[in-house]
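Trainee: I would like to take a close look at a single part of this structure and have it explained slowly, step by step.

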Amino acid sequence: MIPKECKRLAEVDFPIAVVSKHSAREKSIRHGHPSTLHLWWARRPLAACRAMLMALLLPDPCDAECPEEFRAAARNTLLGKHGHPRRWESEVCTAEGLRKALLEFIGDFANWDNSANTDYLAVARALIKAAHPDETPLVVDPFAGGGSIPLEALRLGCEAFASDLNPVACLKVMLEDIPRHGPELAEELRRVGGEIKKQAEKELAEFYPKDPDGAVPIAYLWARTVRCESPNCGAEIPLMRSFWLCKKANRKRALRYRIIKPSPSGRGCREAAGEGYHGPHVLPKEHLEFARSLRKQQTDAETKMWYLLRDRRLAGRKFRRQHAFPPYVIDFYCHEASLVIEIDGGQHTEQRRYDEARTKHLEERGLKVLRFWNNEVLQDTEAVLESIWNDLQSPSPPTPLPEGEGSVPRVEFEVFEPKNEKEVPDGTVTRAKATCLCCNIVLPPERVRAQLSEQRGGADVIFDPSPRPSPKGRGRSAEQECLRL
Ligand SMILES: C[S@@+](CC[C@H](N)C(=O)[O-])C[C@H]1O[C@@H](n2cnc3c(N)ncnc32)[C@H](O)[C@@H]1O
Ligand SMILES: [Zn+2]
């Protein structure tokens, strides 16, 4: 038993540099790491937990109150009783040498490569046993989250008690139950997981309201915003240095936007083109008739495609065929996903320039255009459907217009997969200036700062004259732009 007066090792020293190095490396470990088993936020590195637990559980051998039995048992352990290399032979005879050897062991054991080594585990457990010969220490973690601390405590031979406010985190009973129950645990976890998911969905529903088409957002992106001060504009400017979301080679994602202009009456907004042309009543009559006539003269490929897309048959998305989008009529159009599908026949080789202009026109209005040849649709139907399906996986449904904002233009964002840098629009903030996406007017730094100061939460965004990495996690308190995903 370690007397209360005796300091623990962590109170006098800790191999911070070594443990930090191993902790940093652990971030890139995939195989065998619990983080690949289940996601948790702010999960602490196992290396740091293991090292700190040991340093807290062992007494400082230099402390006058440190039991001599511990010193002797620790010496024996470090000298190879458990098969560990006799690295510390000359050092451990003094208390200082023993302290140094213990710290060195803790540092080495933080290395991922040694973490499951049976020699290291045996030495660690023996040291803890030597410090607590009469009873197994109990490690309590009331904020256990992903369970790093209790997991390491169990591995070190301690008992562990873990709890968390979040019921999902409490599923960590797995730690004990996996060895106890084996494979049938998987079924039980699936059942309990299903129940927790159902309950969580119910409780969180109010924060994730469904879109008109029934789609549920899975996350929100936030940015501080300021108002454009141009008298003819007044749009909200999200303060974002870049619209890139992910630059990883196989997961490139960015934001693009379209401007929704206010309607002439000021009572609602109308997409620069598109949304306003949704209902037949706003369409010129001749366009409607043209679209109607095209519908009757469908090619075989169009007929087949319509058969596959109609009635929300693909990914539950609603498609329209021969949709009037002045000055064009689009073959197939999914408004929810801002997606245009064009089926080209042989004659389109001559029409390439016309098609390019048409594609440009549609893309400038925030629509994604997919083109397929007639014979692709007829002969390689699965590949065509797969490519449409893939595109529909990251759609951004139009956000309903917030009340009272119908008199100023606004910007609507969507996530997309850029093919190159050029496709990604510039961010709104350079240095401390903010550029309005609707009218391109630049708000000078003092106006940006003044607006932020007036907002609840204050001007807590870093706006240095020199460019810096984005102020992650800061300034999410007041006027915010929210993008539904
Ligand atoms: C930083 S995380 C812990 C991470 C953990 N050490 C790991 O390595 O995975 C903090 C945890 O505290 C939990 N928490 C916050 N407030 C709490 C409270 N009042 N009672 C219990 N748990 C709480 C959160 O749900 C979260 O899982
Ligand atoms: Zn503006």
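Is the crossing of α3 and α8 right-handed or left-handed? Please look closely at this part and at what surrounds it.

Mentor: Please keep in mind from the beginning that this is a predicted model, and that what follows describes that model. The crossing of α3 and α8 is right-handed, and we can build up the picture around that answer piece by piece.

Two packed helices are described by the angle between their axes and the distance between the axes. For helix α3, which covers residues 46-57, and helix α8, which covers residues 148-155, the angle is about 55° and the axes are 9 Å apart. An angle from 35 to 65 degrees falls between the roughly parallel and the roughly perpendicular ranges, and α3 and α8 are therefore oblique to each other.

If you now look at the place where the two helices meet, you will find Leu46, Cys49, Arg50 and Leu53 on the α3 side, and Ser148, Ile149, Glu152 and Ala153 on the α8 side. Sorted by character, the residues of this contact of α3 with α8 comprise five that are nonpolar, one that is polar and two that are charged. When you read such a list of positions, it helps to remember that an α-helix has 3.6 residues a turn, so residues three or four places apart point the same way.

One residue of this contact, Ala153, deserves a separate look. Ala153 sits in helix α8, and because 26 other C-beta atoms lie within 10 Å, where 20 or more are needed, Ala153 is buried. Leaving aside residues up to four places away in sequence, Ala153 touches Leu53, Val139, Cys158 and Ala160, and Leu53 belongs to the α3 side of the contact we have just described. Ala153 can also be compared with Asp141, which is twelve residues away in sequence, while the C-alpha atoms of the two are 9.9 Å apart in space.

Let us turn next to α3 itself. Its twelve residues should span 16 Å at 1.5 Å a residue, and because its end C-alpha atoms are indeed 16 Å apart, the expectation and the model agree. Nine of those twelve residues are buried, so α3 is largely enclosed by the rest of the structure. The buried residues are Leu46, Ala47, Cys49, Arg50, Ala51, Leu53, Met54, Ala55 and Leu57, a list that you can follow along the helix in the view in front of you.

Helix α3 has another partner as well, namely helix α2, which covers residues 16-26; these two pack at an angle of about 150°, with axes 7 Å apart. Here Val19, His22, Ser23 and Glu26 from α2 meet Leu46, Ala47, Ala48 and Ala51 from α3. In this contact of α2 with α3, five residues are nonpolar, two are polar and one is charged. Leu46 is worth marking in your view, since Leu46 appears in the contact with α2 and also in the contact with α8.

For a contrast in surroundings, move along the chain to helix α13, residues 352-364, whose 13 residues should span 18 Å at 1.5 Å a residue, which agrees with the 18 Å between its end C-alpha atoms. The number of buried residues among the 13 of α13 is one, so this helix lies largely in the open, whereas α3 has nine buried out of twelve. Glu364 lies in α13, and Glu364 counts as exposed because 11 C-beta neighbours are found inside 10 Å. Even so, Glu364 and Tyr257, which are 107 residues apart in sequence, have C-alpha atoms 9.6 Å apart in space. After α13 comes Gly366, with a positive phi near 80°.

It remains to set the part within the whole. The chain has 16 helices and 16 strands, and buried residues make up 27% of its 485 residues. Among contacts between residues at least 6 apart in sequence, 64% join residues that are at least 24 apart. To return to your request, then, α3 and α8 form a right-handed crossing, at an angle of about 55°, and the α3 side of that contact includes Leu46, Cys49, Arg50 and Leu53, which are among the buried residues of α3.

Notes. Residues numbered from 1 in each chain as written. Chains lettered and ligands numbered in written order. Predicted model: local features only at pLDDT ≥ 70, side-chain atom pairs only at ≥ 80, totals over all residues. Axes fitted to C-alpha atoms, helices over the stretch in contact; angles between N-to-C directions. Helix = DSSP H or I, 4+ residues; strand = E, 2+ residues; numbered from the N terminus. Parallel < 35°, antiparallel > 145°, perpendicular 65-115°, else oblique. Left-handed = near helix turned anticlockwise from the far one by under 90°. Contact = placed C-beta atoms within 7 Å. Nonpolar A, V, L, I, M, F, W, Y, C, P; charged D, E, K, R; others polar. Expected span 1.5 Å × (residues − 1).
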